[in-house]
Amino acid sequence: MSEPMMIRIRAGAPAKAVYHALTDPTAMRVWLDEHAEVDLPHRYAFWGRHTLEGDAPRQRLLHADDRTLRFAWPLGGEETVVEIRLEERGPEETELTLTQTGLPSFEEMVAETGVLSLAHTFWAVALANLVDHVEGREPTPKCDFTSPVMREEVFIAASPQAVYDSIVDPGTFARWFGAKVEIEPHVGGRWAMGSFEAEPSPARITELEPGRRMSLLWEEGLVASWELEESGGGTKLTFVQSGFDEGNPPYGAWMGWLSGIAELRRFHELRPWRPIWLATYVEGMPEGFLTIGEDA
């Protein structure tokens with residue numbers, strides 16, 4: 001049996017506040033999804049258009065105490081188990097560790113081979129929004145599994161040039177996104193998550209206008225585009241993913257970008273900034289792929 005997927009993050013709030021957000025239906029409807037029902041220690045459920053197979057509540061509570069939640073979550077016909085643990089690291093900092101059993105390897109996750117392969121980036125978006133919620137910040141847009149449209153706008157309290165620089169500079173990108181990247185910053189240049197050596201078919205930069213926009217095109221036709229516009233002393237970032245089969249939308253990649261945008265906002269808006277991500281594990285993830293924890 002494979003080892004469970006694991007994500008470890010930190011939140012700038014007491015454990016009591018984080019636990020409340022995890023278990024209060026009103027709070028869950030803000031950071032997680034549009035429907036939530038909780039009656040501890042008997043029931044813990046969430047569903048809706050922002051949840052994997054969210055047409056009905058599928059979770060079954062297995063255990064709950066004041067620092068731990070454990071629930072079964074059938075996905076793709078398989079029984080998985082999610083556990084969320086909290087540890088207080090100070091009066092205003094909580095460490096949260098989430099594990100989920102029964103998920104596929106990193107290679108299958110990247111290939112998006114079924115609903116189970118989407119769980120890692122689903123939780124990445126959800127946990128980023130949980131942290132923003134308990135810290136009093138507006139959450140990042142969530143993935144809508146009922147729609148093939150992948151277009152979102154967010155406001156970042158920084159200049160368009162500063163946001164642009166953090167997207168095209170490999171070292172800066174790796175800090176906020178949490179994974180290494182190689183970039184040839186010119187039209188026609190290569191763009192690869194990880195490295196050119198490890199990625200035989202990197203994306204190509206098709207648009208690059210300093211301070212304004214960047215577009216990437218992958219071999220299979222997938223396009224990711226950033227457009228930056230000055231707005232109210234900051235930047236309106238419009239992020240679009242297109243060029244895919246609308247009958248099979250690449251939700252996993254979309255959620256990966258959304259979780260990255262959540263940290264991009266924090267990177268520019270918080271002083272001092274520290275990444276929320278402390279560690280993550282997916283079976284088969286290439287060694288050295290992640291930069292998570294390097295700013296810890």
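I took contact to mean heavy atoms within 4.5 Å. The model I examined is a predicted one.

**Entry 1: Thr121**

I began with Thr121, which I located in helix H4, residues 119-134. Is Thr121 buried or exposed? I found a relative accessible area of 11%, so Thr121 is buried. I then listed its contacts, leaving aside neighbours within four places in sequence, and obtained Gly252, Met255 and Gly256. I also noted that the side chain of Thr121 reaches the backbone oxygen of Gly252 at 3.2 Å.

**Entry 2: helix H7 and the sheet**

I turned next to helix H7, which spans residues 251-269. I recorded that H7 lies across E8, strand E10 (190-193), E13 and strand E14 (234-242). Its direction is at about 10 degrees to E8.

I then traced the sheet itself. Seven strands form it, and I read their order as E8-E14-E13-E12-E11-E10-E9. The sheet is open and its pairing is antiparallel. Which strands stand at the edges? I identified strand E8 (151-156) and strand E9 (181-183); each has a single partner strand, so one side of each is left without a neighbour in the sheet. For the twist I noted an average of 20 degrees from one strand to the next.

**Entry 3: the E12-E13 pair**

I looked within the sheet at strand E12 (residues 213-217) and strand E13 (residues 223-231), which run antiparallel. How many bridges join E12 to E13? I recorded five bridges. Across this pair, I found Met214 opposite Trp226 in E13.

**Entry 4: the nonpolar core**

I looked up the largest nonpolar core and found that it has 89 residues. Leu96, Trp123 and Trp191 are those with the most contacts inside it. H4 gives the largest share of this core, 11 residues. In general, nonpolar side chains tend to be buried together in soluble globular proteins.

I followed Trp191 further, not counting residues up to four places away in sequence. Among the residues that Trp191 touches, I noted Phe173, Val181, Ile183, Phe196, Met214, Leu216 and Trp257. Glu182 is also one of the residues it touches.

**Entry 5: Asp55**

I closed with Asp55, which I placed in the loop between strand E3 (43-47) and strand E4 (60-64). Its relative accessible area is 63%, so I entered Asp55 as exposed. I found a polar contact of 2.5 Å joining the side chains of Asp55 and Arg58. I also checked Asp55 against Thr146, 91 residues apart along the chain, and noted that their C-alpha atoms are separated by 9.6 Å.

Definitions and conventions:
Residues are numbered from 1 along each chain as its sequence is written. This is a predicted model: local features need pLDDT of at least 70, side-chain atom pairs count only at pLDDT 80 or more; totals for chains, interfaces and linings use all residues. Side-chain values use heavy atoms; hydrogens and water are left out. Two strands pair if DSSP finds at least two bridges between them. Helices (H or I, at least four residues) and strands (E, at least two) are DSSP runs, numbered from the N terminus. Axes are lines fitted to C-alpha atoms, for helices over the stretch in contact, and angles run from 0 to 180 degrees between N-to-C directions. Buried means under 20% relative accessible area, exposed over 50%, partly exposed in between (1.4 Å probe, protein chains only). A polar contact is a pair of N or O atoms within 3.5 Å; within protein, one must be able to donate a hydrogen and the other to accept it, and residues adjacent in sequence count only if both atoms are side-chain atoms. A nonpolar core is a set of buried Ala, Val, Leu, Ile, Met, Phe, Trp, Tyr and Cys residues joined through side-chain atoms within 4.5 Å.
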